[in-house]
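Here's a short walk through a two-chain model, written for someone who'd rather be at the bench. Have a look at the sequence and structure first, then read on.

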Amino acid sequence: MSAWIVRRLAAAIAIVLAAVTLTFFLLHLAGGSPCGQRDVQSVAPEVCARLRAQFGLDRPIWEQYGKYLWAVLHGDLGQSFWQRRPVIAALGDAMPNTLVLAGTALLIDFTLGLALGVYQAARARRFGDIALGNAALFVNSMPTFWLGLVLLLVFGQWLHLVPVGGTHDPVLCARLDSLHCVGDRLWHLALPALTLGLVGAAATARYQRAAMLEVIAQDFVRTARAKGLRERRVLLVHALRNALLPSITLFGLAFPFLVTGAVLVEWVFAWPGMGWLAVMAIGQRDYPVVTATALVASGMVTVGNLLADVVYAAADPRIRVRGA
Amino acid sequence: MTEPLLRVRDLKTYFVTEHGSGTARAVDGVSFEVYPGETLGLVGESGCGKTVTSLSILRLIPEPPGHIRPGSFIEFEGRNLLTLAPRELRAIRGNRIAMIFQEPMTSLNPVFTVGDQIAEAAIVHQGLSRRRARARAVEMLKLVGIPDPAERVDHYPHQMSGGMRQRVMIAMALVCHPKLLIADEPTTALDVTIQAQILELLDRLQRDLGMAVMLITHDLGVVAGTADRVVVMYAGEVVEQAATGELFARPLHPYTEGLMASVPRIDTRVSQVRGRLHSIPGQVPAATAWPAGCRFHPRCPYAWDRCRQEAPPPLDAGAGEPGAHTVRCWLLTEPQRRSARA
C-alpha cells in the first residue's frame, strides 16, 4: 500500500513539473513581452530594457527556468508584473472564488448526473430515457462559454432574474457579514455554477446510464430480484453500488474539465477566479502568474485523480483487500 | 395422490428478437407439476428452454424482450403467480420459492459481504433485526457446511472458492425455509468432486427442511442420482415425463433414448461400447423457426410422414396412473415401427 502511494505521489510531482515546464517555455515562445505587444510599444524602450533587467528577463531562458524552479521549490512564486504584488497574493484572492464555483459545479454535476443516469437506466429505451438522453447529448455538445452566454442573455439580460457577473454586490455586500449577503453570493453563483454543472451532469448521466445498464444485466441483480427485494432496492442498493465504481474514476476526470471549463465560464461571468486570472495574465504577458496558475491547475488535477483512486479503493472490497 | 405444490400449465414464454424480425418461442406450451417434498429433474440440451421455464416461474424474465403469453398458468399454493401484483409476488420470491443459479461466481454481489447478502432476505421477509438476521446468516453458513461461519460471514464473495460460493447461494436461498427450491444447473460450473458435495448437501437439506426441489440440469447422471421424477424438454416442449426409475428403465421418446445412449456408463462393458459414444445427429433447431410437425423429426431415426406433418400431443404411456408417464411421440400409436428399425 505504501509503495503504491509513493509511486502515485512521484507520478503526481512529475506531472505538475511537466505542466509547469511546458507553460514556462510555451509562454516565452508566444512572443510579446510584459512591456506590451510587439508592434504596440506602450512603454519607452529604455524603460522596458531596465524592467527586463530588473526581473531577469534579459537572461538566457534556461537560466530563467532554473531560477524559477529553484524559487518555486522554496515556496516563492515570484512577483506579478501586472498586479505589482506577490503572485501568491493574487492566487490567494482568486483561489477561493474558483473553489466555490468548481465545488458547486461538481456537486451539481454528480448529484444531477447520477440521479438522471440511474433514472434513465431504470426506464431504458422508454420515453423518459430517450427524451433525457437527447437532452443530455444536446447540453453536452454545447461549448460551456456559449451556454453561459445564452443563459446570461436569457436570465440576466432579458428576465433580470440574476446578476450578469461578478461574485457579489460590491456596494451592499463588500463583506460577507449578513444573511442577505450570503444570499447575494449564492445569487451571483447560480448561473456560472449551473453552466459548468449542467454540461458536466450531461456527460455524467450518459456514463452513469451505461454503467447502470451494464450492471443491471449481471447475474447478481437477478439474484437480488429472486430474493424478493423491491425494485427500488435492487436498483439503488445492489446495482448502484456496483455502477458507482466507474463514476468514481469519472469524478477524478471531472477535475480537469472543471479547471478548463472554469477558465471560459469565469471569463464569461467576470468571475475573478483562477481561470479569469490566467486569461488576464496571459494578455498582459504576466509570466509568473500564468505559470503559477498552470502549477495550481495541474496540482488540482493530480490531487483529484489521487482522491478518486483512494475513494475507489475504499468503495471496492476487491481492491481494498488486494492493497492491504 | 396429494395436491401438487406447483402446477405449470401451457406455459409459453416468447422473446422478440433483436431486429424485430421474428419471435423466439423459447418455451412453447410446457406443463408439469411439482409435488411437496419431491425432487423433480428438468432435463434437456442447452437452448431447449429449461432455464427460461425456471425463470418464468418467478417472473424473472427480462421484459422486454421476453414476455409470458396470456393463457399460460403457473399455480403455486393455489394462486396463479402470473396474475399476482408485484407486492404479492415479492412475498413469494425468496420466501416461499427460492432459486439458485448456475454461476456462483457472478450470482453474488461483489461489493457486499456474504453475511449481508444472506441476512437480506430474512430482514425483508421475516422482519428480523439486523443483529438477529446476522446471527441467522451465521447459522445458515454452518448449515451449508462452511467452516468458521462466524468469521466467514464478514467475507466478500471474491474471498471464496466456487464451491463455497455455491454453498453461500444455497444458504441465501434457504434462509426463509422455502417450500420450493429451483436449482438451475447448480453444479455445472463446479469441479466434479465439488459437484457431488453440493448435490449431497442439497439432498440432505431437502430432507431436513421438507421442501420440494426443481433441479434443472443437462446431466442425466445427476438426475438419476437425485430426482424422484423427470421432465425431459426438447425445443421448448416437454417431450417425456415419468418417474425416474420408469424413465431410465423404459425411455419411450427417441430423444430421451438418444440422451441416455450418449451418457458414458461406468457399468458398460468395453465390448458393448463398440468404439465410440453415441451422439444425436443434427443440431437443436433455432427457437425462431421450430420444425413443423414433431419438432424432433429432423433428428429422429424413426421419423415418417406423419411426424413431418402433425405435432404429437402428450400421449399416455400407460404406466400406473394416467399421466404418470407421458410421451410426445407418434411411435406410441405405431409401436411396430420401433421394432422394425431396431
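## A glycine in a helix, and what surrounds it

A:Gly252 sits in helix H9 of chain A, where helices (H or I, at least four residues) and strands (E, at least two) are DSSP runs, numbered from the N terminus. This is a predicted model, so local features need pLDDT of at least 70 and side-chain atom pairs count only at pLDDT 80 or more, while totals for chains, interfaces and linings use all residues. Residues are numbered from 1 along each chain as its sequence is written, chains are lettered from A and ligands numbered from 1 in the order in which they are written, and side-chain values use heavy atoms, with hydrogens and water left out.

Is A:Gly252 buried or exposed? With a relative accessibility of 0%, A:Gly252 counts as buried. Buried means under 20% relative accessible area, exposed means over 50%, and partly exposed is in between (1.4 Å probe, protein chains only). A:Ala308 is 56 residues away from A:Gly252 in sequence, yet their C-alpha atoms are 5.0 Å apart in space.

Zooming out, chain A has 12 helices and zero strands. Its C-alpha atoms fill a box of roughly 85 × 55 × 40 Å along the principal axes, and 42% of the 324 residues of chain A count as buried.

Over in chain B, B:Val232 is part of strand S10 (residues 229-234). B:Val232 counts as buried because its relative accessibility is 1%. Between the C-alpha atoms of B:Val232 and B:Phe73 there are 20 Å, with 159 residues separating the two along the chain.

## Two arginines with positive phi

Neither of these residues is a glycine, but each has a positive phi.

| Residue | Phi | Loop | Relative accessibility |
|---|---|---|---|
| A:Arg84 | about 55° | between helix H3 (61-73) and H4 of chain A | 69%, exposed |
| B:Arg59 | about 55° | between helix H1 (50-57) and strand S4 (66-68) of chain B | 25%, partly exposed |

## The largest pocket

What is the volume of the largest pocket? The answer is about 1300 Å³. On a 1 Å grid over the protein atoms alone, a pocket is an open set of points where a 1.4 Å probe fits, with protein on both sides within 12 Å along at least five of seven lines; lining residues have an atom within 4 Å of a point. Of the 33 lining residues, A:Arg225, A:Glu231, B:Ile61, B:Pro62 and B:Glu63 are the closest to the centre of the largest pocket.

H8(A) gives the largest share of the lining, four residues. By class, the lining has 20 nonpolar, one polar and 12 charged residues. Here Ala, Val, Leu, Ile, Met, Phe, Trp, Tyr, Cys and Pro count as nonpolar, Asp, Glu, Lys and Arg as charged, and the others, Gly among them, as polar.

## A greasy spot on the surface

A:Leu153, A:Phe155, A:Trp158, A:Leu159 and A:Leu161 make a nonpolar surface patch of about 500 Å². One of them, A:Leu159, lies in the loop between helix H6 (144-158) and helix H7 (179-216) of chain A. A:Leu159 is partly exposed, since its relative accessibility is 48%.

Technical notes: Patches are made of residues with over 30% relative accessible area and no salt bridge: like charges are joined within 9 Å, nonpolar side chains (Val, Leu, Ile, Met, Phe, Trp, Tyr) within 5 Å. Accessible areas come from the Shrake-Rupley method with a 1.4 Å probe; for residues, only the protein chains shown count as cover. A salt bridge is a side-chain nitrogen of Lys or Arg within 4 Å of a carboxyl oxygen of Asp or Glu. Grid points are joined across faces, edges and corners, and a volume is the space filled by probe spheres set on the points.
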